[in-house]
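Dear colleague,

I am handing over the structure we spoke about, and I would be glad if you could look it over. The model comes first, and my notes on what was found in it follow.

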Amino acid sequence: MANLKSLLRSPWVLHARARDRRIATAPHVPLAICAIFKDEAPYLGDWVAFHHAAGVGRFYLYNNGSADKPDAVLRPHVESGLVRLIDWSHPPPPQLPAYRHCIRTFADEARWIAFIDIDEFLFSPQGVDLPQALRPYEDLPGVIVASPFFGSSGHAERPAAAVPEAYTRRAPLTRISAKTIANPRHVRAIRNVHTFKYWQGDALGTDRRPLAGPDRVPPLDVLRLNHYWSRSLAELHAKVARGDASTRSPRNLDWHLSFEAGLNAEEDLSGRDAWRRLLGAVPEVGAGRAASR
């Protein structure tokens, strides 16, 4: 059966490789991000600035009915071509259809596309830009990036500091998630918001092993994706009320508060250090954040 599947998929594998060769010889973006959001305007300026400084050359952002005027925050980036803003009024759940649209529409614009959320910050702890960190994995159809959970760090209300500066306590690394940076031309299907299926092969961690497994220590040295899951407790309440883009099920506040209680066990300054290395005290970043509050 496996041999038959490989045989049936071989034309698609050859087609994906041909597209890879074409994109290698044409102008393209080394790394893009695809994300869907709703009512995240106060965070978009910092989030885009951070990832652009880290080496992301384009953002495919799907606005799922926001009421907080994200267009005003993103307008300069849309006008420069850095951001493609898509109005995504899709029936719930809208996240996976947005990812499929992104792959169908933009696969030949970017070498890699990272599929992450606005509360997640992707960077290399080694201090290199993201396209350089991904270069050794170009033979893979996708790279799985480990994603530690960060909690409220004791903040009841939203602090003035940027997210990676404000939230520096996380869950133990035994409680961890992951997201995918995919070669979009090789994606066959989307399993869920975390993992994809490919025409040939599987995505691997940066140590070239599957990320899951008993007693598996996740690799966080080459790439990591800090997930600021709750932000402050007030923001967690707003997150629950906003609902989930990947499922029709309503969010349960008691469960979210219980889960958040376990996300502050250990200090982790990796995000803060990456923010300071990439952006420091850039005046326009701070000004943009203040204007969006």
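Which residue follows helix 9, and what is the sign of its phi? Helix 9 is followed by Gly-280, which has a positive phi near 55°.

Before going further, please note that this is a predicted model, in which local features need pLDDT of at least 70 and side-chain atom pairs count only at pLDDT 80 or more, while totals for chains, interfaces and linings use all residues. Residues are numbered from 1 along each chain as its sequence is written, and side-chain values use heavy atoms, with hydrogens and water left out. Helices (H or I, at least four residues) and strands (E, at least two) are DSSP runs, numbered from the N terminus.

To stay with helix 9 for a moment, this helix covers residues 270–278, and its residues Ser-270, Gly-271, Ala-274, Trp-275 and Leu-278 are buried, where buried means under 20% relative accessible area, exposed over 50%, and partly exposed in between (1.4 Å probe, protein chains only). These five residues lie on the same side of helix 9, because they cover an arc of only 135° around the axis, the arc being that of the directions from the helix axis to the C-beta atoms.

Helix 7 (233–242) can be described in a similar way. Its buried residues are Glu-235, Leu-236, Lys-239 and Val-240, and since they cover an arc of only 145° around the axis, they sit on the same side of helix 7. These buried residues pack against helix 2 and helix 8, and just after helix 7 comes Gly-243, with a positive phi of about 90°.

Helix 7 also takes part in the largest pocket, which holds about 930 Å³ of space. On a 1 Å grid over the protein atoms alone, a pocket is an open set of points with protein on both sides within 12 Å along at least five of seven lines, a cavity is a set of points where a 1.4 Å probe fits but cannot get out, and lining residues have an atom within 4 Å of a point. Grid points are joined across faces, edges and corners, and a volume is the space filled by probe spheres set on the points. The pocket is lined by 41 residues, of which Lys-239, Gly-243, Asp-244, Ala-245 and Arg-251 are the closest to its centre. Helix 7 gives the most to this lining, with four residues, and by class the lining has 15 nonpolar, 11 polar and 15 charged residues. Here Ala, Val, Leu, Ile, Met, Phe, Trp, Tyr, Cys and Pro count as nonpolar, Asp, Glu, Lys and Arg as charged, and the others, Gly among them, as polar.

The structure holds one cavity of 30 Å³ or more, and the space in the largest cavity is about 60 Å³. Of its 10 lining residues, Tyr-43, Arg-158, Ala-161, Ala-162 and Val-163 are the closest to its centre. Helix 2 supplies the largest share of this lining, three residues, and the classes are seven nonpolar, no polar and three charged.

The largest nonpolar core (a set of buried Ala, Val, Leu, Ile, Met, Phe, Trp, Tyr and Cys residues joined through side-chain atoms within 4.5 Å) has 46 residues, of which Trp-47, Phe-59, Leu-61, Ile-181 and Leu-223 touch the most other members. Its largest share, six residues, comes from helix 2 (residues 41–53). Apart from this core lies another, of 29 residues, among them Cys-102, Phe-115, Ile-190 and Val-193.

His-51 also lies in helix 2 and is buried, with a relative accessible area of 0%. Leaving out residues up to four places away in sequence, His-51 is in contact (heavy atoms within 4.5 Å) with Ile-33, Val-56, Phe-59, Ile-116, Glu-120, Phe-121 and Leu-122.

Lastly, some backbone details deserve a look. The peptide bond from Pro-92 to Pro-93 is cis, with omega near -5°, and Pro-93 is in the loop between strand 3 (83–87) and helix 4 (95–106). Asp-39, in the loop between strand 1 and helix 2, has a positive phi near 55° although it is a residue other than glycine, and at 26% relative accessibility Asp-39 counts as partly exposed.

With kind regards
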